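Please open the structure in your viewer and keep the selection tool at hand. This tour moves from one selection to the next and says what can be found at each stop.

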Amino acid sequence: QVQLVESGGGLVQAGGSLRLSCAASGIALRINDMEWYRQAPGKQRELVAVITSGGVTNYVDSVKGRFTISRDNAKNTIYLQMNSLKPEDTAVYFCHAHLISIKSGGTAESWGQGTQVTVSS
């Protein structure tokens, strides 16, 4: 099994920066694509950024030029560097991993518990 733990959220003023981390632990599954989602109260969960096992990245239009997703495969960790934060970025941010079972070859998914990001005006 794989467990995902996010960290790095907090309260920041508009225009500030935060760096989120998502650390994966476990021995039975291989981690392929990983993603950051966010969800504000009363809104649907939104895909923010994707990074493939090969390091290819994609972003939702609203964060392009401001957010950067990266990964350290040796540490099984992904990061989301968030710059020029806006109040509309306020949400709980979730790490999401796409997995392949080492034992069976089957696919699975894992979600972190989320970390709160609050941007004040």
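## A first stop at Ser 84

Select Ser 84 to begin and, leaving aside its neighbours within four places in sequence, look for its contacts, which are Gly 15, Gly 16, Ser 17, Arg 66 and Asp 89. What you are looking at is a predicted model, and Ser 84 belongs to the loop that runs between strand 8 and strand 9. With a relative accessibility of 41%, Ser 84 counts as partly exposed, since that label covers values from 20% to 50%. If your viewer reports backbone angles, check phi of Ser 84, which is near 50° and thus positive in a residue other than glycine. For a distance to draw, join the C-alpha atom of Ser 84 to that of Asn 58: the two residues are 26 apart along the chain, and the atoms are separated by 18 Å.

## On to Asp 89

One of the contacts of Ser 84 is Asp 89, so named here as the next selection, and Asp 89 too is placed in the loop between strand 8 and strand 9. Is Asp 89 buried or exposed? Its relative accessible area is 1%, and Asp 89 is therefore buried, the limit for that label being under 20%. Once neighbours within four places in sequence are left aside, Asp 89 is in contact with Arg 38, Arg 66, Phe 67, Ser 84, Val 117 and Val 119.

## Stepping back to the whole chain

Now clear the selection and colour the protein by secondary structure, which comes to eleven strands and zero helices. Read from the N terminus, the order of elements is β-β-β-β-β-β-β-β-β-β-β. The radius of gyration is 14 Å, close to the 14 Å that the globule rule gives for 121 residues, so the protein is as compact as a globular protein of that length. If you turn the C-alpha trace along its principal axes, it spans about 50 × 25 × 20 Å.

With a surface displayed, the protein exposes about 6500 Å², and carbon and sulfur atoms supply 48% of that area. Of the 121 residues, 40% count as buried. Colouring by charge brings out 11 positive and 9 negative side chains, with the centres of the two sets lying 4 Å apart. Among contacts between residues at least 6 apart in sequence, 56% join residues at least 24 apart.

## Into the nonpolar core

Which residues have the most contacts inside the largest nonpolar core? Select Leu 4, Met 34, Trp 36, Phe 67, Leu 80, Met 82 and Tyr 93, which hold that place in a core of 30 residues. Strand 3 (18-25), strand 4 (29-39), strand 5 (46-51), strand 7 (67-72), strand 8 (77-82), strand 9 (91-101) and strand 11 (115-120) each supply at least two residues of this core. The largest share, five residues, comes from strand 9.

Keep Tyr 93 selected and show what surrounds it: not counting residues up to four places away in sequence, Tyr 93 touches Glu 6, Leu 20, Trp 36, Tyr 37, Arg 38, Phe 67, Leu 80, Met 82, Gly 114, Thr 115 and Val 117.

## Ser 101 and Leu 29

Move next to Ser 101, which is found in strand 9 and counts as buried at 18% relative accessibility. Setting aside residues up to four places away in sequence, Ser 101 touches Ala 28, Leu 29 and Gly 106. Leu 29, in turn, is found in strand 4 and counts as buried at 16% relative accessibility. From Leu 29, draw a C-alpha to C-alpha line to Ser 121, a residue 92 places apart from it in sequence and 42 Å apart in space.

## Two last selections

Select Ser 25, which is found in strand 3 and is partly exposed, with a relative accessible area of 42%. Ser 25 and Leu 4 are 21 residues apart in sequence, while their C-alpha atoms are 6.7 Å apart in space.

The tour ends at Asn 76, which lies in the loop between strand 7 and strand 8 and is partly exposed, with a relative accessible area of 35%. Phi of Asn 76 is near 50°, which is a positive value in a residue other than glycine.

Note on methods. Residues are numbered from 1 along each chain as its sequence is written. This is a predicted model: local features need pLDDT of at least 70, side-chain atom pairs count only at pLDDT 80 or more; totals for chains, interfaces and linings use all residues. Side-chain values use heavy atoms; hydrogens and water are left out. Helices (H or I, at least four residues) and strands (E, at least two) are DSSP runs, numbered from the N terminus. The radius of gyration is taken over C-alpha atoms; the globule rule is 2.2 Å times the number of residues to the power 0.38. Buried means under 20% relative accessible area, exposed over 50%, partly exposed in between (1.4 Å probe, protein chains only). Contact means heavy atoms within 4.5 Å. Accessible areas come from the Shrake-Rupley method with a 1.4 Å probe; for residues, only the protein chains shown count as cover. Lys and Arg count as positive and Asp and Glu as negative; His and the chain ends are not counted. The place of a charge is taken as NZ of Lys, CZ of Arg, CG of Asp or CD of Glu. A nonpolar core is a set of buried Ala, Val, Leu, Ile, Met, Phe, Trp, Tyr and Cys residues joined through side-chain atoms within 4.5 Å.
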